[in-house]
Amino acid sequence: MSTTVPPPAARAVRLTVRSVVREAEGVLGLLLADPTGAELDPWEPGAHLEVTLPSGAVRHYSLCGDPADRGTYRLGVLREPAGRGGSEEVHTSVREGTVLGVRGPVNRFPLVPAERYLFIAGGIGITPLLPMLRSLPPGSWSLLYGGRSLASMAYRAELAGLPGVTLVPQDTAGTPDLDAVLAPLPADTAVYCCGPEGLLRAVEERWPGPLHTERFGAAPASAPVAAEPPAEDGGFEVELRRTGRTLRVEPGRTLLDAVREAVPGVPYSCEEGWCGTCETKVVAGTPEHHDSVLGEDEKASGATMMICVGRSRGPRLVLDL
């Protein structure tokens, strides 16, 4: 993902909602287009958009349309009454003609080459997987898609025309039998999973092979990657190399809060370490990672960090800000 200066593929634009349709019980589908009719930036399966809603709230939604369609972006948004308010705003306030700020597309969930794929979706987790399915030859993949009921499972009509799809509505079929599905798979099968945290954890516990996951929330806390002990008092200094400022991050204060004093416009969104918006290049020092965006190799390299939850393993950290 982007740091402070987004690459061309992550530029910020303002797009108009061309249509709003009901995709399933509790799921709205949005089609976004450039108001001037200009082509939209290209994207690949697994990509998402960072969307700024009319209220100013920033949310992340997976692209679930056709990458070959350069005229529209398609999003599916699940209404979550107990969420942080973004989905409620989409469902109650976003209409045809609404203008939304968009940054992206950005892809941290790419489709990697493999001989065989298994896709596992839970609820709205089907959205990033749809373009992947359509990009692969028939017979090279299968999909296990679980939901509360058939009525709540978005895009099931599209999926009905594709081979290798198994729908598991919980109200009539119970929960997916992950053991039965995963146990016979060849070890080199690429497994992709997106959905609720419980589903992701269950798949992670059962599948030792290549696994690719995307979360819609913070992952359970895990031990940080350690290369050296943290500063004794828990605080540390951060130098913002391009800004020319050095700040003190006291215990109990986030690195993001300190950075925003000097760089008020630094991008951020979830503040829980799962969306990737605040990913920042590390110039010097060893970051202490607490995010669920970076892989273990990326964390060990220390090249970037999520400043909303990350800290420093040493007394000083230098960031490219």
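This text walks through a cluster of aromatic rings and then one helix. The model is a predicted one.

Start with the rings. Across the whole structure, a search turns up 4 aromatic pairs. One of them joins Y117 and F119. Their ring centres sit 5.8 Å apart and their planes meet at 10 degrees, so this pair is stacked. Planes under 30 degrees apart count as stacked. Y117 and F119 are both buried.

Y117 also pairs with Y192. Here the ring centres are 6.4 Å apart and the planes lie at 45 degrees, so the pair is tilted. This pair links distant parts of the chain. Y117 belongs to strand β7 (residues 117-122), while Y192 belongs to strand β10 (residues 190-194). The two residues are 75 residues apart.

Are Y117 and Y192 buried or exposed? Y117 has 4% relative accessibility, so Y117 counts as buried. Y192 has a relative accessible area of 0% and is buried too. The cut-off for buried is under 20%. Now step back to the group. Ring pairs link F109, Y117, F119 and Y192 into a cluster.

Turn next to helix α7, which covers residues 255-262. Its buried residues are L255, L256, A258, V259 and A262. Where do they fall around the axis of α7? Viewed down that axis, they lie within an arc of 160 degrees, so they line one face of the helix. An α-helix has 3.6 residues a turn, so residues three or four places apart point the same way.

What do the buried residues of α7 pack against? They pack against four strands: β12 (236-240), β13 (245-249), β16 (304-306) and β18 (316-319).

Note on methods: Residues numbered from 1 in each chain as written. Predicted model: local features only at pLDDT ≥ 70, side-chain atom pairs only at ≥ 80, totals over all residues. Heavy atoms only, no water. Phe/Tyr/Trp six-rings, centres within 6.5 Å; stacked < 30°, edge-to-face > 60°. Buried < 20%, exposed > 50% of the residue type's maximum accessible area, 1.4 Å probe, protein only. Arc of directions from axis to C-beta. Contact = heavy atoms within 4.5 Å.
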